[in-house]
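Reader: I should like a close look at a single part of this model, set in the context of the whole chain. Please give one connected account.

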Amino acid sequence: MKRTRIKSRDMVAGVAALVIAAMPVMGAAQEKVALKFADWLPTTHDTSVQGANVFIEKAHELAGDSLEITFFPAEQLGKAGDSLRLAQTGVADIVNIAPAYITEKFPLSGVAELPNIYQDACDGSLAFMELAQPGNILGEQEFARNDVRVLFVAGLGSYRVLTASKAVDAATGFEGLKLRTAGGAMDMAADVIGATSVRMPGPDVLPSLSRGTLDGVFWPLQSVRPWGLQDSLAYMTPDLGVGSFTMIFAISERTWQKLPEEIQNALLEAGRFATEHHCNYTETAENDIAASLEAEDGIKSVPLPEADLNALVEKLNTVQETWAKALDERGLPGSDVLAAFRAALPG
């Protein structure tokens, strides 16, 4: 191939032109990007400490002085059910979305909250993260349609049943109890074990327990103390998983499209880092937290007899197909999402 020789004078002129042309872009790149991050969790919650804070610190580390994220925790900018609206209206750039609290917007995302759908918190979080990316089934069906993009995922692992005054020592012991759920698939789980589901966001639970309007909760053990529930609960069922709860930390698509590529890459890498950090913490901390709740707060662990536990697990496993079928009947790809989630889990 014949090469064209460029005269040095022409080269200098060309380089000068490129530098001049690039100057406005370079100036824009050096301008600090300021993002508002709205969360509804208290600052003491493990997902704030091991998730949100980790994400912010990593993003700042990767982006350097070109990025500043201001954190607004504990419902300072809005309640949990308002998170999506905060992002869509520009009140915040990054938000903590709880699909279970707004199932009308994220019905398919409940797949990660089904009983026994996964055992390891990292398996569930990373599977959801994969399906929520642009071009994949949850990314297109739910997040793109709501004008947000997923940065990191915080799955809380198995929810347990904790009660205020009644020790549940048999499969029939849940019948008639008014138990708080986060909504979504947990409502179905409560139904199959014979309990009455009371759908309620986390910040409203303590007053209801204190007034006696709840008999207990579906709740992750690591969230008992951050929400101040330890003095209102007396018993826990440690060996029965009744589903899970997933929080999606997402950025407004409108904000995303305005960001320089290097900031986008920093946020994505920080999101992957925070997802893995949070799920590893969640998976390793539960046994220690259970022992601590019993020893320090007097919440007695009451395991179920093996036969009773097996019977309840069998009932809870039916929730997966029931959930998918109900969505299919609404014209939504529930079975497709369930199959995709199962396929994304480690073999």
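Reader: What is the torsion about the S-S bond of Cys122 and Cys279, and is the disulfide right-handed or left-handed?

Author: The model is a predicted one. The torsion about the S-S bond of Cys122 and Cys279 is about 85°, so the disulfide is right-handed. The sulfur atoms of Cys122 and Cys279 lie 2.0 Å from each other, and a search of the whole structure finds one disulfide. Cys122 belongs to helix 4 (residues 121-131) and Cys279 to helix 9 (residues 261-297), so the pair ties together parts that are 157 residues apart in sequence.

Both ends of the bridge can be described by their accessibility. Cys122 has a relative accessible area of 12% and is buried, because the cut-off for a buried residue is under 20%. Cys279, at 0% relative accessibility, is likewise buried.

Ser125 adds to the picture around the bridge. Ser125 also sits in helix 4, and its relative accessibility of 1% makes Ser125 a buried residue. Beyond its neighbours within four places in sequence, Ser125 is in contact with Val153, Ala154, Gly155, Thr275 and Cys279. One of the two cysteines of the disulfide, Cys279, is thus a contact of Ser125.

Helix 9, which carries Cys279, leads on to the nonpolar interior. The largest nonpolar core has 71 residues, and those with the most contacts inside it are Phe55, Phe218, Phe245 and Leu267. Helix 9 gives the most to this core, with nine residues. Phe55 illustrates the packing: not counting residues up to four places away in sequence, Phe55 touches Phe37, Ile69, Ile94, Leu151, Phe152, Leu267, Ala270, Gly271 and Ala274. Apart from this core lies another, of 37 residues, which includes Val111, Phe128, Val150 and Val319.

Phe218, named above among the residues with the most contacts inside the largest core, is also one of the contacts of Val242. Val242 is placed in the loop between strand 9 (235-237) and strand 10 (246-252), and with a relative accessible area of 0% Val242 is buried. Setting aside neighbours within four places in sequence, Val242 is in contact with Pro115, Tyr159, Arg160, Val161, Met186, Ala189, Phe218 and Leu316. The C-alpha atoms of Val242 and Val161 are 7.5 Å apart in space, while the two residues are 81 residues apart in sequence.

Met186 and Ala189, both contacts of Val242, lead to helix 6. In helix 6 (residues 185-192), the buried residues are Ala185, Met186, Asp187, Ala189 and Ala190. These buried residues pack against strand 6 (178-181), strand 7 (196-199), strand 8 (216-219) and helix 10. Just after helix 6, Gly194 takes a positive phi of about 90°.

Helix 10, one of the packing partners of the buried residues of helix 6, also meets helix 11. Helix 10 (residues 306-329) and helix 11 (residues 334-344) pack at an angle of about 140°, and their axes are 7 Å apart. That angle makes helix 10 oblique to helix 11. On the helix 10 side the contact involves Gln320, Glu321, Trp323, Ala324, Leu327 and Asp328, and on the helix 11 side Gly334, Ser335, Val337, Leu338 and Arg342. By class, this contact comprises five nonpolar, three polar and three charged residues.

Two loop residues deserve mention for their backbone. Ala74 has a phi near 55°, a positive value in a residue other than glycine. Ala74 is found in the loop between strand 2 (67-72) and helix 3 (83-89), and its relative accessible area of 43% makes Ala74 partly exposed. Asp147, not a glycine either, has a positive phi of about 60°. Asp147 lies in the loop between helix 5 (137-143) and strand 4 (148-155) and is partly exposed, with a relative accessible area of 46%.

The account closes with the chain as a whole. Its secondary structure comes to eleven helices and eleven strands, and its C-alpha atoms fill a box of roughly 90 × 40 × 35 Å along the principal axes. Of the 347 residues, 50% count as buried. Among contacts with a separation of 6 or more, 76% are between residues 24 or more positions apart. The disulfide, whose cysteines tie together parts that are 157 residues apart in sequence, can be read against that background.

Key. Residues are numbered from 1 along each chain as its sequence is written. This is a predicted model: local features need pLDDT of at least 70, side-chain atom pairs count only at pLDDT 80 or more; totals for chains, interfaces and linings use all residues. Side-chain values use heavy atoms; hydrogens and water are left out. Axes are lines fitted to C-alpha atoms, for helices over the stretch in contact, and angles run from 0 to 180 degrees between N-to-C directions. Helices (H or I, at least four residues) and strands (E, at least two) are DSSP runs, numbered from the N terminus. Angles under 35 degrees count as roughly parallel, over 145 as roughly antiparallel, 65 to 115 as roughly perpendicular and the rest as oblique. Contact means heavy atoms within 4.5 Å. Ala, Val, Leu, Ile, Met, Phe, Trp, Tyr, Cys and Pro count as nonpolar, Asp, Glu, Lys and Arg as charged, and the others, Gly among them, as polar. A disulfide is a pair of cysteine sulfur atoms within 2.5 Å. Buried means under 20% relative accessible area, exposed over 50%, partly exposed in between (1.4 Å probe, protein chains only). A nonpolar core is a set of buried Ala, Val, Leu, Ile, Met, Phe, Trp, Tyr and Cys residues joined through side-chain atoms within 4.5 Å.
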